[in-house]
Amino acid sequence: MAKQGDWVLIKSTILQPDQRAPQVPGDTAGVPLVQWVKGRLTADADIGQPAQVITRTGRLVSGALVEEAPAYRHSFGSFIPELLKVQEGIRRAMWGGEDRP
Amino acid sequence: MRDNSYSAVMARRNQIMKSAVGLDYSQFESGGIGFDYEGMMAATGLSMPQVTEVMRSFNVGDTPLLELRNITALARRYAPEGFGARILVKDEACNPSGSFKARRAALSVHMAREMGYRGVITATSGNYGAAVVSCCAKAGLKCIVVQECYDSRGVGQPEIVEKARKCEALGAEVVQLSVGPELFYVFLRLLEDTGYFNASLYTPYGIQGVESLGYELTEQCRQKFGRAPDMVVATNAGGGNLTGTARGMQKAGCGAPVVAASVDLKGLHMASDTQFNRKSFTTGHTGFGMPFSTWPDRSDVPRSAARPLRYMERYVTLTQGEVFYMTEMLSILEGMERGPAGNTSLAAAFCLARELPQDALLVVQETEYTGAGKHQNAQLAFAREHGITLRVGDPAEQVPGQSIVLPEHPGQLRAAEVDLNRLRRSLIHRALADSKDMPGKADLAFLAAETRTSPAFVRQVITQLLEDDNETK
């Protein structure tokens, strides 16, 4: 249970598939337009349940509670051996067979 | 109670925009195909020194112009004797928000504050969001950034997720959406509900801000090297970077050719939910570059101030793998981690340098910050997780959305030439589609300026279009 005042992420559907713009391609037209917003809860709520937040600009937005204390999880990703190979190749092309002493 | 259905809000767009931009675009219209472009550009009422003053008040601009000596030396090994221009780069990553977009934002936020708006909204998934938020932070204005960020499964493009983090770090509210052009609908509703200023990328404020970049790089070349640049390369997406830079150069008295460069994403649909996460570049690519060149007024304001075909000497494309490779080269030979998207022009410059003599100055007019999510390692790891094949080989063999091929050696980098006349014909075709009447003399002159050609060229294209039309009928 997230408490009133907690910083959370909520999600809501803005347009159902049948309300989407006429020009969208088929795959997009088959799914709803969804919105994610962060803010402080106006009342206690559980994950997946309806919730309302006050955003950083003071707007009241409703949706379903997705995450409490939402975190940033993006990173530099897993090791890419091809990039190491490319770096070695560029150094060779510039400085010769061995790295310059 | 307002009708907030998609069609009702879209029908109110001009009215919403008028109050959100503080500029009445109808004053520049005269009823024909054309409009008074220069009149619109002058509407800011600011001279170049005044623009510079605004930039400095936000600590924007005055970025270093760096000579890339090792990259130049390497390019010369693949050039004919005596060829291989000096490659210089304007290190725009040094702006407070980490990209040249700070210039575009500074003037917009300044105008918003002058006109008494309480907050600013911008629709962007790119560096521009961080730039607007950064300036709003200094100006004490509220800020909302609207992003297209996730596919319908909720998988976020790592670069856009990073932009959201940066915007929030600088104080913004970020509204994130799944894939689709209806982002514009959400954006209009937010403008209407809040009464905030629309910091569009495409207003005269945005583009005049970039003019300071073209002006500055010309002056820096003169100071450091005793001459103006011989060629400038600009990464091209919505067209504002190239338009503003070229106009700024002209204001500094420099008519050197400006070359556009985009990442080739041919075959990928920009509004496709399933293709959204199959591209490794979220900007600087042909998915924006081509449509915005041939129809600038598709933007979020009635008349776009970014009209790149007016200023483009050439247009080249690079593959995703080539730009990632160049990003590695910048790290490993010059000790600079930047990009990757902003390095599209650098990859082009590596190829174009070989066509110019060794004493020529070739300026790459931007860099951008890098970091988690944005970095080539993050993008390639994400691509591999989503089934994109990655290998080292011949970059010409790549297929956007299916494979990324990193070159084996520098000699494989090729800037593919885009047929500008094809884009020009497309622009003229599009302009005629909106018009009921046959174009008059003023329209021909306007379209000639729009395409950097002559009224005779425009007339010839129109004649051809009419013939094709008759044949179809």
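Axes are lines fitted to C-alpha atoms, for helices over the stretch in contact, and the angles between their N-to-C directions run from 0 to 180 degrees. The model is predicted, so local features need pLDDT of at least 70 and side-chain atom pairs count only at pLDDT 80 or more, while totals for chains, interfaces and linings use all residues. Residues are numbered from 1 along each chain as its sequence is written, chains are lettered from A and ligands numbered from 1 in the order in which they are written, and side-chain values use heavy atoms, with hydrogens and water left out.

**Exercise 1. Describe the overall build of chain B.**

Begin with the secondary structure: chain B has 18 helices and 13 strands, where helices (H or I, at least four residues) and strands (E, at least two) are DSSP runs numbered from the N terminus. Next, take the extent of the C-alpha trace, which spans about 65 × 55 × 50 Å along its principal axes. The radius of gyration, taken over C-alpha atoms, can be compared with a globule rule of 2.2 Å times the number of residues to the power 0.38; for 473 residues a compact globule would have a value near 23 Å, and the 22 Å of chain B agrees with this. Finally, buried residues (under 20% relative accessible area, with exposed over 50% and partly exposed in between, for a 1.4 Å probe and protein chains only) make up 66% of the 473 residues in chain B.

**Exercise 2. Work out how helices α16(B) and α18(B) pack, and which residues meet.**

The first step is the geometry: α16(B), residues 420–433, and α18(B), residues 455–472, pack at an angle of about 70°, with their axes 10 Å apart. Because of that angle, the two helices are roughly perpendicular, a class that covers 65 to 115 degrees, whereas under 35 is roughly parallel, over 145 roughly antiparallel and the rest oblique. The second step is the contact, meaning heavy atoms within 4.5 Å: B:Asn421, B:Arg424, B:Arg425, B:Ile428, B:His429 and B:Leu432 of α16(B) meet B:Phe457, B:Val458, B:Val461, B:Ile462 and B:Leu465 of α18(B). Sorted by class, this contact has seven nonpolar, two polar and two charged residues, with Ala, Val, Leu, Ile, Met, Phe, Trp, Tyr, Cys and Pro counted as nonpolar, Asp, Glu, Lys and Arg as charged, and the others, Gly among them, as polar.

**Exercise 3. Place helix α4(B) against α6(B) and then against α10(B).**

Start with α6(B), residues 101–114, which packs with α4(B), residues 48–57, at an angle of about 95°, their axes being 9 Å apart; the pair is therefore roughly perpendicular. B:Val51, B:Val54 and B:Met55 of α4(B) make this contact with B:Arg103, B:Ala106, B:Leu107 and B:His110 of α6(B).

Turn then to α10(B), residues 204–225, whose axis comes within 10 Å of that of α4(B) and crosses at roughly 100°, which means that these helices are roughly perpendicular. From α4(B), the contact includes B:Val51 and B:Met55, and from α10(B) it includes B:Tyr215 and B:Glu216.

**Exercise 4. Locate B:Asn59 and B:Pro340, and describe the backbone there.**

B:Asn59, in the loop between α4 and β1 (65–67) of chain B, has a positive phi of about 60° although it is not a glycine, and its relative accessibility of 52% counts as exposed. B:Pro340 lies in the loop between α13 (320–334) and α14 (344–352) of chain B, where a cis peptide bond, with omega about 15°, joins B:Gly339 to B:Pro340.
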